[in-house]
Structure formats: C-alpha cells, structure tokens
Amino acid sequence: MSVFPHCTIHVAIASLLCVCATSAAAANLVTNPDFNAGLSGWTLTQGSNPTLDDVDGSPSAPSIRLVSVGPNLPSEIRSNCIPAGTSQFFDLFVDVKVHVGGGLASVAAYSDANCANVAGPMGYASQFPVTIDTWQQASSLPFGPLGLPPGGAYLQVTLSASQTFSTPSDVSFDHVRFGPSGTVPVRLQSFTVD
C-alpha cells in the first residue's frame with residue numbers, strides 16, 4: 001500500500017489528461033488558433049479593425065479584439081480555408097470575452113479551395129455566454145456541411161463583432177478549435193479530487 005495513495009491517482013489522472021490533450025491537439029484544423037503569430041492564417045473582411053491584444057487572452061495572451069464598424073457592418077476575420085474531407089460532422093469551440101454588445105463565431109461552406117464561392121448553408125454559430133468582461137468557452141452543437149458532396153467542400157471559420165443598434169460591439173476571441181466531431185481538443189474547465 002502506498003503511503004500517498006491520493007498522489008498516485010493525481011499523477012495517473014494528470015498523465016491521462018496530458019496524453020489526451022496532446023493527441024487531440026492534432027485535430028484542430030484552424031491555422032494560428034491562438035493568434036501567437038498575429039493574424040497569420042486569418043483574412044480580414046473590408047472595413048474590419050482587429051487589434052492584437054498582447055496582454056489579455058485565454059488561456060494566455062495574445063488574443064484578437066474586434067469592434068463593429070457600424071450598423072449591419074461587422075468587423076470580422078476569417079480562418080484559413082479548410083477541406084471538409086470525409087467528415088460528416090464538425091465541432092467549433094472558441095474562447096470569447098464580450099466587452100460590449102455581442103459577436104458571432106460561425107462556419108460557412110465553399111465550393112473552392114480559396115473559400116470564395118459559397119456552396120452551402122452556414123454551420124451553427126456558437127452562442128456566446130452572457131457574462132461581460134469574462135473569458136468563457138463558447139461552442140456549437142455538432143454540425144455538418146448539409147447537402148454537400150463528401151470531400152467536395154471547403155469550410156471557413158468566421159469570428160465577428162456585430163452591431164445591429166447604435167452601440168458598437170466589442171469582442172475578444174482566442175483559442176479557436178475546429179475539426180471533425182469528437183476530435184477537437186476541449187479545455188477542462190474545472191477539476192477537483194477529494
């Protein structure tokens with residue numbers, strides 16, 4: 001019998017979590033999901049005004065901050081163009097900090113490798129938690145590129161701060177995860193062992 005029986009359990013659980021996190025990390029299909037390389041791998045839409053925040057982020061800095069530019073004119077950035085492959089369903093997770101208003105994380109399907117020609121409906125947008133100025137993980141239900149031939153579509157994640165009334169939206173994003181359902185790394189929110 002071990003003198004420290006709880007230590008064995010903690011080490012085993014910690015090892016398991018590390019192994020799971022390492023193997024799952026390969027499934028994230030978004031280039032530069034933590035903005036460690038600035039906006040490399042991301043495309044701006046016309047009129048967008050992203051700011052790289054080197055001080056704040058989740059789980060660590062940097063993050064990207066978007067402020068809407070006017071009514072029905074969101075400030076947005078788009079990920080690399082991702083081949084859909086043979087996957088039937090996808091998951092989207094993103095860490096979000098709403099400062100004012102609201103924003104959106106969504107996925108659109110395209111027929112070309114440059115993500116220029118829309119080929120299908122938008123995927124489910126992640127619904128943001130409502131706590132202001134607090135980093136939270138937002139996620140979507142698993143969704144698929146409905147009506148698209150397997151392997152014949154490309155997908156792109158869009159992050160945006162949207163404005164529908166007179167107050168501009170101000171939203172920060174970090175740690176974007178997107179990939180086939182069940183393979184995308186999910187961060188443990190809390191864990192305790194008695």
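This text walks through a predicted model of a protein, from its overall make-up to single residues.

The protein has 194 residues, and 42% of them count as buried. Its secondary structure consists of 1 helix and 11 strands. Read from the N terminus, the helix comes before the strands, in the order α-β-β-β-β-β-β-β-β-β-β-β. The accessible surface amounts to about 10300 Å², and carbon and sulfur atoms account for 61% of that area. Contacts across the sequence are mostly long in range: among those between residues at least 6 apart, 75% join residues at least 24 apart.

A convenient place to enter the fold is strand β4, residues 75–78. On one side of the pairing list, β4 pairs with β1 (residues 43–44) in the antiparallel sense, over 2 bridges. In this pairing, Leu44 stands opposite Ile77 of β4. Strand β4 also pairs with β10 (residues 154–162), again in the antiparallel sense, here over 4 bridges. Ile77 takes part in this pairing too, standing opposite Leu159 in β10. Ile77 therefore has a partner in each of the two pairings, Leu44 in one and Leu159 in the other. In a regular strand, side chains alternate between the two faces of the sheet.

Leu159 leads on to the nonpolar core. The largest such core has 28 residues, and Leu159 is listed with Phe173, Val176 and Phe178 as having the most contacts inside it. The elements that give two or more residues to this core are β3 (63–67), β6 (90–100), β7, β10 and β11 (170–180). Of these, β6 gives the most, with 5 residues.

Next to Leu159 in the sequence comes Ser160, which also lies in strand β10. Is Ser160 buried or exposed? Ser160 is buried, because its relative accessible area is 5%, and the cut-off for buried is under 20%. Beyond its neighbours up to four places away in sequence, Ser160 touches Leu66, Pro74, Ser75, Glu76, Gly103, Leu104 and Phe173. Among these partners, Phe173 is one of the residues with the most contacts inside the largest nonpolar core.

Pro74, Ser75 and Glu76 come up again from another direction. Leaving aside neighbours within four places in sequence, Ser48 is in contact with Pro74, Ser75 and Glu76. Ser48 lies in the loop between β1 and β2 (51–53). With a relative accessible area of 15%, Ser48 is buried. What does the side chain of Ser48 make a polar contact with? One partner is the side chain of Thr45, at 2.7 Å. A polar atom of the Ser48 side chain also lies 2.8 Å from the backbone nitrogen of Glu76. The loop between β1 and β2 also holds Gln46. Gln46 counts as exposed, at 84% relative accessibility. The C-alpha atoms of Gln46 and Glu76 are 8.6 Å apart, with the two positions 30 residues apart along the chain.

The loop that follows β4 carries a covalent link. The model contains 1 disulfide, which joins Cys81 to Cys115 with an S to S distance of 1.9 Å. Cys81 lies in the loop between β4 and β5 (82–83), and Cys115 in the loop between β7 (102–110) and β8 (118–120), so the disulfide ties together parts that are 34 residues apart in sequence. The torsion about the S-S bond is about 85 degrees, so this disulfide is right-handed. Cys115 is buried, with a relative accessible area of 9%.

Some backbone features remain. Most residues other than glycine have a negative phi, and most peptide bonds are trans. The peptide bond from Ser58 to Pro59 is cis, with omega near 10 degrees, and the bond from Ala61 to Pro62 is cis as well, also with omega near 10 degrees. Pro59 is in the loop between β2 and β3, and Pro62 is placed in the loop between β2 and β3 too.

Asn32 and Asp133 have positive phi values. For Asn32, phi is near 55 degrees. This residue is in the loop between α1 (5–25) and β1, and Asn32 counts as buried at 13% relative accessibility. For Asp133, phi is about 55 degrees. Asp133 is found in the loop between β8 and β9 (136–139), and at 44% relative accessibility Asp133 counts as partly exposed.

Methods. Residues numbered from 1 in each chain as written. Predicted model: local features only at pLDDT ≥ 70, side-chain atom pairs only at ≥ 80, totals over all residues. Heavy atoms only, no water. Pairing = 2+ DSSP bridges. Disulfide = S-S within 2.5 Å. Buried < 20%, exposed > 50% of the residue type's maximum accessible area, 1.4 Å probe, protein only. Core = buried A, V, L, I, M, F, W, Y, C linked by side-chain atoms within 4.5 Å. Contact = heavy atoms within 4.5 Å. Areas by Shrake-Rupley, 256 points an atom, 1.4 Å probe, with all protein chains shown as cover. Polar contact = N/O pair within 3.5 Å; in protein donor to acceptor, adjacent residues only side chain to side chain.
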